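Please take me through this structure in the viewer, one selection at a time, and tell me what each selection shows.

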Amino acid sequence: MPGIFVFGTIENGIPSRSTLELLTGAQRLAAGLQEGVSVGLLGPGDGASLYRYGVEAVYRANDPLVKEYQADLYLLALQRIAQAAGAKVLLLPGDSLGRDLAARLAFRLKAGVVTDVIEIDIEGPEKMPRFTRPVYGGKAAAVIVPKRFPVVVTLKPRTFDPAGPMGQGKGKEVPVEISLDPAQARTRMAERVQEETTGVKLEDAPAVVSGGRGLGGPEGFTLLVELARVLKGAVGASRAATDAGWVPSSMQVGQTGKTVSPDLYIAVGISGATQHVAGISGAKTIVAINADPEAPIFKVAHLGIVGDYKAILPPLIAKCRELMGS
Amino acid sequence: MDLGLSPRQEMFRDMVRDFAEKEVAPRAAAVDAEARFPAQTIRMMGELGLMGVAIPEEYGGAGGDMICYVIAIEEISRACASTGVIMSINNSMVCDLIHKFGDERQKRRFLIPLARGEQLGCFCLSEPDAGSDSGNLRVTATAEGDHFVLNGVKNFITNGREADIAIVFATVDRQLKHKGISALVVEKGTPGFQVLKEENKLGIRGSSTCQLLFEQCRVPRENLLGEIGEGFRIAMVSLDGGRIGIAAQAVGIARAALEASLQYARGRVQFGRPIAAFQAIQFLLADMAIRIDAARLLTYRAASLRDGGVPCTRESSMAKLSASEAAMWVTTKAIQIYGGYGYITDYPVERHFRDAKVTEIYEGTSEIQRLVIAGHLLG
Amino acid sequence: MRIVVCVKQIIDPELPASQFRIDASSNRQRPNGHPLVISPYDENALEVALRLKEKVGGTVAVVSAGEPSAISALRKGLAMGADEAALISDPALDGSDAFGLAAALARGIQKLGIPDLVLCGCESGDWADRTVGPILAEALNIPCVSFVAQVDGEDGRLRMRRVVEEGYEVWEGAPPLLLTILSHESNIPRYPKVKDIMTASRRSIPTWSAADLGVEAGDIGKAAIRTEVQQLTLPSRESRCELMDGEPAQQVTTLITKLRERKAI
């Protein structure tokens with residue numbers, strides 16, 4: 001039975017980006033441990049699109065009760081599917097769903113759990129999988145090995161490349177019977193609010209301009225929006241700015257916000273707390289603009305300007321506009 | 001002898017340090033550059049109990065001791081010396097004074113709002129012709145029925161512009177010299193009491209330093225603190241506590257300068273190495289640390305004696321003198337370590353240097369402190 | 001409403017990277033006398049609890065499973081306004097993973113009496129596993145909602161604002177519930193007042209051992225761990241920041257040049 005199990009989602013007929021990232025991790029584990037890869041799907045969606053990624057089996061539980069996310073029901077379903085699949089390593093995305101479910105699933109499966117993994121490798125003749133994750137706000141990296149199986153693993157989003165197809169692929173679909181009872185759902189969602197973000201998505205943007213406490217207030221973001229627009233990028237924020245209520249928390253970049261790895265990251269009025277820096281370690285070029293020359297962000301940035309952002313950004317926007325010809 | 005802090009004092013220190021780093025330090029540069037009174041910070045400090053640290057809870061205070069008080073002044077002053085002196089005046093020179101010398105009615109009426117930080121106080125002793133010679137006052141208090149009438153000018157009064165309550169020292173009879181001095185509580189808004197002028201200063205620019213005018217200012221007799229003629233003693237006893245506060249302020253300023261110098265020396269690379277690798281810098285840093293630790297220990301000693309109700313005039317003078325001279329020396333050397341950058345206002349050390357200077361002057365100049373100490377030595 | 005908040009004491013996570021050292025024998029950060037603080041999101045959780053108590057009444061208990069030094073973290077919790085505190089500390093717990101810690105915490109919470117709400121920080125400021133909270137919910141057999149920014153409670157039903165990638169969701173549930181808490185403008189932790197620090201310093205806080213709580217020896221400690229830290233490494237980050245000189249116009253020109261050199265734009 002294939003022992004590497006991915007909890008996936010199908011969007012518009014194809015595997016979602018997070019599923020493809022998980023499949024990259026799965027392929028690495030499958031090759032190293034000489035196991036097969038299976039995917040668990042909840043609800044409807046064409047599982048056949050997965051076979052070309054080296055997936056041998058798609059375990060599907062299609063109960064109307066799992067059409068919408070609800071933690072208790074999803075856990076029961078996932079537990080059932082994982083058991084049916086005989087999973088040894090279970091991969092879940094490190095997103096809001098994974099945060100809710102991974103550790104709880106591990107508890108129910110009497111499994112270990114490793115979260116926010118950025119690297120997977122296989123060690124030695126014993127073929128021990130090793131999972132690397134950032135710790136201490138990214139100041140260090142921990143290499144974790146499971147002492148028992150199964151083990152539940154979440155991968156840090158946007159860290160693994162999405163899997164490429166591995167040929168035609170053949171697989172089979174295995175329906176799994178789950179009998180869920182609405183009374184098992186102990187919480188219910190009353191409302192979902194999508195926060196307005198126009199333009200490029202933060203995690204996908206090639207350039208990100210972020211603002212922090214040094215902007216002094218929400219008005220400061222107007223200049224950042226303009227700069228981001230010229231650079232064809234997105235606007236982010238530090239926790240200080242979102243905690244102050246200046247911008248929606250969906251704009252937060254950092255440990256508990258989004259991780260971004262753009263070509264260009266410009267931090268304006270951001271002191272550079274560990275928490276924030278943890279979200280930008282993948283950025284290729286980091287520019288810091290801050291009035292305080294001793295701000296920690298200058299230890300992390302590649303290029304910096306010490307000064308008042310109100311004096312720096314307008315000429316910067318003008319020059320970038322000239323350059324980009326827009 | 002245990003020189004460490006108790007768990008309670010450590011918890012207290014951690015809170016004040018956290019508050020100072022998050023709320024006080026980020027505003028310090030602007031407070032200095034704009035010479036702006038940190039009203040919001042002072043209000044928050046009042047709510048936390050920091051404006052009446054060592055005053056008992058029944059009088060609106062936080063029920064702490066002098067050790068907690070000096071810990072707080074040091075942490076706040078490390079972040080912002082202006083905020084430190086505003087706090088110190090309110091605590092030592094106003095709240096503590098009313099607590100020691102006020103009657104029950106005065107404590108209920110004046111001390112409670114001051115200790116709670118709902119009102120701010122100032123201490124009015126200095127005059128244009130009476131600085132170090134503080135016994136030679138010219139502001140007069142003339143008895144007229146159930147009032148005293150105040151006439152004259154006070155200067156260099158910290159918190160003069162913002163204060164709701166002023167402790168004013170005036171003489172009932174210049175012939176009696178210092179034995180004629182009496183202490184009165186004067187409320188802002190009393191007719192004949194106005195702020196004449198606010199000075200433009202080298203340092204501690206966030207605190208107001210004012211010239212106050214009293215012109216036929218009628219103060220109710222019941223606002224007399226202690227006895228007629230007891231004023232000078234009241235001022236001197238209060239200064240013993242106030243000097244401990246200023247000593248802590250100076251230690252805080254010096255510590256800020258040392259910490260900045262350490263960070264800078266680690267990062268600044270010249271001749272292929274961080275300048276922290278050079279002995280010249282290392283020797284400076286070591287000397288800075290010794291002076292600060294020594295000043296802090298003298299401050300704690302004076303605070304500890306005051307907590308025990310033991311007279312501590314000599315010890316508080318030694319603490320104030322030692323700490324203020326240490327602060328001046330340390331901040332001067334800190335600019336030196338920073339080199340050219342130390343002279344530039346983007347960096348904090350020039351502000352620490354400017355803030356440090358006044359600690360050698362107010363609440364008794366270094367010269368006066370030396371006289372006090374020698375006086376005790378010679379008996 | 002009865003609320004229990006779980007707090008972890010950690011080395012101050014905001015220490016500069018230059019002072020960060022690894023202890024190779026324990027595969028943890030070397031304490032080096034650095035200041036110890038309550039893990040930041042645990043403080044947000046405590047603030048949520050205190051504001052709920054102010055709004056609807058009730059009690060807040062704060063509990064920690066860790067070293068004896070964690071007593072000072074619990075005292076701060078009392079000074080901030082918690083009504084009671086308890087420390088779970090025992091050498092038998094050393095080396096426990098999230099499952100072991102959660103087992104001990106679950107027993108401790110059962111000893112206090114299962115409350116309406118158990119609150120934990122969404123992740124710890126050091127290890128950031130995000131596992132203890134959800135596992136504790138399982139151990140207590142109560143529902144769990146993670147990454148909650150705000151909670152409201154009325155008539156026995158709780159409403160939580162759960163933060164997700166695109167925005168947020170509002171979830172409802174009946175107590176008892178376990179929530180993991182994220183920072184938000186509505187839960188910035190308060191500073192304890194001086195007089196409350198003085199009072200809290202005089203309170204006695206019980207310390208419970210594993211035996212006191214009846215925790216299964218086989219569930220805790222190094223022998224029970226399900227995953228192991230094999231190694232802790234320092235990523236090499238050599239970055240010398242280049243500062244642009246001159247007036248803003250000049251700084252901007254130089255910056256653009258350098259960005260083009262780096263192909264960043």
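## Start at Lys76 of chain C

In this predicted model, select Lys76(C) and show what surrounds it: leaving aside its neighbours within four places in sequence, Lys76(C) is in contact with Met11(B), Asp18(B), Ile38(C), Glu43(C) and Pro192(C). The residue lies in helix α2 of chain C, which covers residues 71-80, and Lys76(C) counts as buried, with a relative accessibility of 19%. Among those partners, Glu43(C) is worth displaying with its side chain, since a polar contact of 2.7 Å joins it to the side chain of Lys76(C).

## Widen to chain C

Now select the whole of chain C, in which there are 7 helices and 15 strands. Its C-alpha atoms fill a box of roughly 65 × 45 × 40 Å along the principal axes, and of its 265 residues 55% count as buried. If you draw the contacts within chain C between residues at least 6 apart in sequence, 71% of them join residues at least 24 apart.

## The boundary of chain C and chain B

Keep chain C and add chain B, then restrict the display to the residues where the two touch, which are 14 from chain C and 19 from chain B. About 1,500 Å² is buried between chain C and chain B, and 68% of that area is on carbon and sulfur atoms. Highlight Tyr191(C), Val194(C) and Met198(C), as these supply 45% of the area that chain C buries against chain B, more than any other three residues.

Which polar links should you look for between chain C and chain B? The count is 2 residue pairs in polar contact, with both residues at pLDDT 80 or more, while the count of salt bridges between these chains is 0. On the side of chain C that touches chain B, the elements giving two or more residues are α2 and α5 (194-200) of chain C, and α5(C) contributes the largest share, with 5 residues. Coloured by class, that side has 7 nonpolar, 1 polar and 6 charged residues.

## Cross to chain A and chain C

Next, hide chain B and select chain A together with chain C, where 85 residues of chain A are in contact with 82 residues of chain C. The area buried between chain A and chain C is about 7,400 Å², with 56% of it given by carbon and sulfur atoms. Arg99(A), Tyr136(A) and Lys139(A) supply 11% of what chain A buries against chain C, which is more than any other three residues supply.

Across this interface the rule finds 7 salt bridges, together with 45 residue pairs in polar contact, both residues being at pLDDT 80 or more. Helix α3 of chain A, residues 96-109, gives the most to the side of chain A that touches chain C, with 9 residues. By class, that side of chain A holds 40 nonpolar, 19 polar and 26 charged residues. For a single pair, centre on Arg108(A) and Glu138(C), whose side chains meet in a salt bridge with an N to O distance of 2.8 Å.

Switch to a cartoon view and pick strand β10 (residues 140-146) of chain A with strand β14 (residues 227-233) of chain C, which run antiparallel and are joined by 6 bridges. Within this pairing, Val145(A) has Glu228(C) as its bridge partner in β14(C).

## Finish among the salt bridges of chain B

A search over all chains finds 64 salt bridges in the whole structure; the remaining stops are in chain B. Select Arg255(B) and Glu75(B), whose closest N and O atoms are 3.0 Å apart in a salt bridge. Arg255(B) lies in helix α6 (residues 231-267) and Glu75(B) in helix α3 (residues 66-79) of chain B, so the pair ties together parts that are 180 residues apart in sequence. Are these two partners buried or exposed? Arg255(B) counts as buried at 9% relative accessibility, and Glu75(B) likewise counts as buried, at 2%.

Extend the selection to the network of salt bridges that links Arg17(B), Glu21(B), Glu74(B), Glu75(B), Arg78(B), Arg255(B), Glu259(B), Asp293(B) and Arg296(B). As a last stop, show Arg36(B) and Glu34(B), whose side chains meet in a salt bridge at 2.9 Å, N to O; Arg36(B) is partly exposed, with a relative accessible area of 36%.

Notes. Residues are numbered from 1 along each chain as its sequence is written. Chains are lettered from A and ligands numbered from 1 in the order in which they are written. This is a predicted model: local features need pLDDT of at least 70, side-chain atom pairs count only at pLDDT 80 or more; totals for chains, interfaces and linings use all residues. Side-chain values use heavy atoms; hydrogens and water are left out. Contact means heavy atoms within 4.5 Å. Buried area is the accessible area (1.4 Å probe) that two parts lose on being put together, summed over both. A salt bridge is a side-chain nitrogen of Lys or Arg within 4 Å of a carboxyl oxygen of Asp or Glu. A polar contact is a pair of N or O atoms within 3.5 Å; within protein, one must be able to donate a hydrogen and the other to accept it, and residues adjacent in sequence count only if both atoms are side-chain atoms. Helices (H or I, at least four residues) and strands (E, at least two) are DSSP runs, numbered from the N terminus. Ala, Val, Leu, Ile, Met, Phe, Trp, Tyr, Cys and Pro count as nonpolar, Asp, Glu, Lys and Arg as charged, and the others, Gly among them, as polar. Two strands pair if DSSP finds at least two bridges between them. Buried means under 20% relative accessible area, exposed over 50%, partly exposed in between (1.4 Å probe, protein chains only).
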